Amino acid sequence: MTSYGRITLPLEAVARIRLASDRETAVFEMRKGDQVTGVIDGHGLVLETAFGKTSIEMNLVLHIKVYPASPPRAISTKPTAMAPAGAVWAGEDKPGPQLQLELSLVGGSRVVGTPGIDS
């Protein structure tokens, strides 16, 4: 929520999110250099990590960096309709936009994972 109303920012367009001490107000630093200040709608984040799904409460988060995750790697030279000639993608039908979040937490800890869906 901004002073102009509610807006939704695509996570792919965000480079970093810096949270204020109230852990609700945030500055969204966009990949193209713009900044948007607003309030985060929600109380926590769900991440898929190397250790499984985990929930992080927003009151523990100082800032969030958003990175493109490593693209799926090519493991074969057999072309398919979904992959360029000479490549078959491991783990996916086709390469797609994936993101990785790095959360810096109160106390100095960091958590890295992909955005998950709380179920």
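Here are a few short exercises on this predicted model, each with a worked solution.

**Exercise 1. Work out how far to trust the model: where is confidence lowest, and where is it highest?**

Let's start with the whole chain. Its mean pLDDT is 77, and 71% of its residues reach 70 or more. Next, go element by element: strand S8 (residues 88-89) is at the bottom with a mean of 42, while S1 is at the top with 94. Then look for runs of low values. Residues 72-80 stay under 50 in pLDDT, and so do residues 82-97. The model still gives these runs contacts beyond four places in sequence: 24 for residues 72-80 and 34 for residues 82-97.

**Exercise 2. Trace the open sheet: in which order do its strands come, and which stand at the edges?**

Begin by walking across it. The sheet has eight strands, in the order S3-S2-S1-S6-S9-S10-S4-S5, and they pair antiparallel. Now check the two ends of that walk. Strand S3 (35-39) and strand S5 (52-57) each have a single partner strand, so each has one side without a neighbour in the sheet. As for twist, neighbouring strands are turned by 30 degrees against each other on average, if you ignore direction.

Finally, zoom in on one pair. S4 and S5 run antiparallel and are joined by six bridges. Across this pair, Glu 48 sits opposite Lys 53 in S5.

**Exercise 3. Find what Thr 49 holds on to: which backbone atoms does its side chain reach?**

First, place the residue: Thr 49 belongs to strand S4, which covers residues 44-49. Second, follow its side chain. The backbone nitrogen of Phe 51 is 3.1 Å away, and a polar atom of the side chain lies 2.8 Å from the backbone oxygen of Gly 52. Both pairs fall within the 3.5 Å used for a polar contact. Third, look further along the chain: setting aside residues up to four places away, Thr 49 touches Thr 54, Val 111, Val 112 and Gly 113.

**Exercise 4. Describe the largest nonpolar core: how many residues does it have, and which strand gives the most?**

Count first: the core has 17 residues, and Ile 17, Val 61 and Leu 103 have the most contacts inside it. Strands S1 (14-19), S2 (25-30), S6 (61-68) and S9 (99-105) each supply at least two of the core's residues. S9 gives the most, with four.

To finish, take Val 61 as an example. Beyond four places in sequence, Val 61 is in contact with Leu 19, Arg 23, Ile 56, Leu 103, Ser 104 and Leu 105. As background, nonpolar side chains tend to be buried together in soluble globular proteins.

Technical notes:
Residues are numbered from 1 along each chain as its sequence is written. This is a predicted model: local features need pLDDT of at least 70, side-chain atom pairs count only at pLDDT 80 or more; totals for chains, interfaces and linings use all residues. Side-chain values use heavy atoms; hydrogens and water are left out. A polar contact is a pair of N or O atoms within 3.5 Å; within protein, one must be able to donate a hydrogen and the other to accept it, and residues adjacent in sequence count only if both atoms are side-chain atoms. Contact means heavy atoms within 4.5 Å. A nonpolar core is a set of buried Ala, Val, Leu, Ile, Met, Phe, Trp, Tyr and Cys residues joined through side-chain atoms within 4.5 Å. Buried means under 20% relative accessible area, exposed over 50%, partly exposed in between (1.4 Å probe, protein chains only). Two strands pair if DSSP finds at least two bridges between them. Axes are lines fitted to C-alpha atoms, for helices over the stretch in contact, and angles run from 0 to 180 degrees between N-to-C directions. pLDDT is the predictor's confidence in each residue, from 0 to 100.
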